[in-house]
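Here are some short exercises to work through with the structure open beside you. Try each task yourself before you read its solution.

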Amino acid sequence: DFLCISLVNGFTQLRYNLGDRTVILQTLQKVHANGNTWHSLSAGRIGNEGYLDLDGINVTQKASPGMNALDTHTDFFVGGVSSLNLVNPMAIENEPTGFTGCIREIVINNRELKLTVTDPKGGANVGDCDGTDCGYTVCKNNGTCQVENSGFSCSCPKEWTGTTCEQSIHCSQNMCRSQALCIPQPSSFSYTCVCALGWTGKYCDNKIKFYIAKFVGNSYIKYTDPFYGKRDLQYSRLSLNFTTNQTEGLIAWMGKSEDEDNDFLAIGLANGTLKVVINLGERISVPLMHSKYFSCSDGRWHFTTVVQNQTCIKVYLDEELILFEDIDPQRKYTALNYGGICYFGGFEIGRKVNIVTTGLFQKEFIGKIKDVVLFQDSKKIQLMKAEGYNIYDGSSGN
């Protein structure tokens with residue numbers, strides 16, 4: 001399998017093969033090879049249907065029914081490859097040669113690659129395209145960069161300030177304490193403080209302890225499992241108590257959630273019903289939905305446990321076994337390589353649940369969570385000692 005974007009006789013070409021045949025798409029217009037025109041290119045596939053867009057002019061091709069997954073476990077190359085014999089002969093029209101020119105802002109599956117000296121895994125013969133200290137996006141938020149003897153300076157739009165226009169003027173004199181995040185509110189010429197775990201109050205200066213975590217919709221907890229290296233990942237288990245009156249929400253996500261290939265075990269609500277999704281390495285497995293008309297969004301406490309025994313999944317709700325399924329009788333992947341990371345209620349501020357979970361869950365969780373136990377541990381995990389924001393003490397009032 002491969003997916004390749006190349007320049008062919010002045011045109012941009014996308015070629016991909018999902019295991020059965022090679023699909024070729026070519027742009028209608030040529031690129032300007034004058035060395036000073038930036039082009040915007042968007043290319044990819046949804047299932048087996050490919051698309052290629054150069055500067056807003058779109059070309060699509062619906063492939064005949066067949067394979068629809070791209071099975072590649074190799075490095076991702078930009079501008080060339082370490083050895084030309086790595087290139088599949090069908091991936092390009094002519095003899096393979098490296099790209100000469102400039103590339104910036106590469107976004108793959110909604111994540112931007114950092115094109116720096118240190119971030120890529122490797123490379124050779126790559127220089128700075130701009131040649132000055134005013135590289136791409138040095139000045140944030142549409143600031144303009146000027147080259148100066150000492151380096152550069154940024155001229156910022158009126159709503160922004162700081163050396164690289166990184167700070168909102170509404171947050172420049174903020175009073176947020178205890179590592180809180182300042183979120184600008186331009187409409188009211190003000191800001192709000194989003195408190196780190198263990199703090200509350202308008203300026204996050206009141207210390208709190210909690211055993212029941214209350215989530216309000218832009219809250220999350222990210223827990224790093226200290227025993228991850230000793231776990232038997234073929235036999236995972238997650239149990240917790242939750243209460244909510246919302247019909248949608250992500251309750252828990254075991255997994256790194258850095259890209260679509262990461263393994264995960266997820267628990268949440270869809271239409272008021274418990275929904276569990278597990279991916280052991282073969283992209284997304286079929287979501288498991290509780291079939292009975294039983295609402296979990298009734299404001300009562302519910303106890304759920306998900307047990308993964310290789311590819312067999314059991315889901316318990318209020319001590320009753322509600323789902324039991326073998327998600328892959330072939331036993332191709334049997335371990336939940338979740339990276340020791342567990343999210344509760346949502347993801348980091350700015351990362352929307354519906355985007356990170358590719359629509360598996362629609363919203364952040366609003367409600368309370370307590371008594372979280374991983375695997376067969378004798379102790380509940382201490383949510384207080386994790387990373388997180390906007391978490392309240394769920395034991396006081398509603």
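## Exercise 1: A buried charged pair

Asp225 and Arg231 are both buried. The model you are looking at is predicted, so please read every value as computed from its atoms.

**Task.** Find out what joins Asp225 to Arg231, and how far apart their closest N and O atoms are.

**Solution.** Start with the general idea: side chains of opposite charge can pair when their charged atoms come close. Next, take the cut-off, which asks for a side-chain nitrogen of Lys or Arg within 4 Å of a carboxyl oxygen of Asp or Glu. In the pair Asp225 and Arg231, the closest N and O atoms are 2.9 Å apart, and the two residues form a salt bridge. Finally, put this into context: the whole structure holds eight salt bridges.

## Exercise 2: Two other pairs

**Task.** For the salt bridge between Asp326 and Arg331, and for the one between Glu348 and Arg351, decide whether each partner is buried or partly exposed.

**Solution.** Begin with the cut-offs: buried means under 20% relative accessible area, exposed means over 50%, and partly exposed lies in between.

- Asp326 and Arg331 meet at 2.9 Å, N to O. Asp326 has 30% relative accessibility, so it is partly exposed. Arg331 is partly exposed because its relative accessible area is 35%.
- Glu348 and Arg351 meet at 2.8 Å, N to O. Glu348 is buried because its relative accessibility is 18%. Arg351 has 28%, so it is partly exposed.

One step remains for the second pair: Glu348 and Arg351 also belong to a network of salt bridges that includes Lys222.

## Exercise 3: The surroundings of Asn17

**Task.** Locate Asn17 and list the backbone atoms that its side chain reaches.

**Solution.** First, place the residue: Asn17 is in strand β2, which covers residues 11-17. Then check its exposure: the relative accessible area of Asn17 is 14%, so this residue is buried. Now follow the side chain of Asn17. One target is the backbone nitrogen of Gly19, at 2.7 Å. Another is the backbone oxygen of Arg21, at 3.5 Å. To complete the picture, leave out residues up to four places away in sequence; Asn17 then touches Asp1, Phe2, Thr22 and Leu70.

## Exercise 4: Two serines with positive phi

**Task.** Compare the loops that hold Ser178 and Ser257, and say whether each serine is buried or partly exposed.

**Solution.** Take Ser178 to begin with. Its phi is near 55 degrees, a positive value in a residue other than glycine. Ser178 sits in the loop between β12 (167-168) and β13 (181-185), and it is partly exposed because its relative accessible area is 24%.

Now turn to Ser257. This residue is not a glycine either, yet its phi is positive, at about 55 degrees. Ser257 lies in the loop between β19 (249-254) and β20 (264-270). Its relative accessibility is 8%, so Ser257 counts as buried.

## Exercise 5: A surface patch and two annotated spans

**Task.** Which residues form the nonpolar surface patch that includes Leu7, and where does UniProt place "domain: EGF-like"?

**Solution.** The patch consists of Leu7, Phe76, Val78, Phe99, Ile103, Leu113 and Leu115, with about 620 Å² of accessible area together. Leu7 belongs to strand β1 (residues 2-8), and at 47% relative accessible area it is partly exposed.

For the second part, the unreviewed UniProt entry gives residues 130-166 and 167-205. Residues 130-166 are 0% helix and 32% strand, with end C-alpha atoms 21 Å apart. Residues 167-205 are 0% helix and 36% strand, and their end C-alpha atoms lie 22 Å apart.

Methods
Residues numbered from 1 in each chain as written. Predicted model: local features only at pLDDT ≥ 70, side-chain atom pairs only at ≥ 80, totals over all residues. Heavy atoms only, no water. Patch = residues over 30% accessible without salt bridge, like charges linked within 9 Å, V, L, I, M, F, W, Y side chains within 5 Å. Areas by Shrake-Rupley, 256 points an atom, 1.4 Å probe, with all protein chains shown as cover. Helix = DSSP H or I, 4+ residues; strand = E, 2+ residues; numbered from the N terminus. Buried < 20%, exposed > 50% of the residue type's maximum accessible area, 1.4 Å probe, protein only. UniProt positions renumbered as here; feature names shortened; annotations may be inferred. Polar contact = N/O pair within 3.5 Å; in protein donor to acceptor, adjacent residues only side chain to side chain. Contact = heavy atoms within 4.5 Å.
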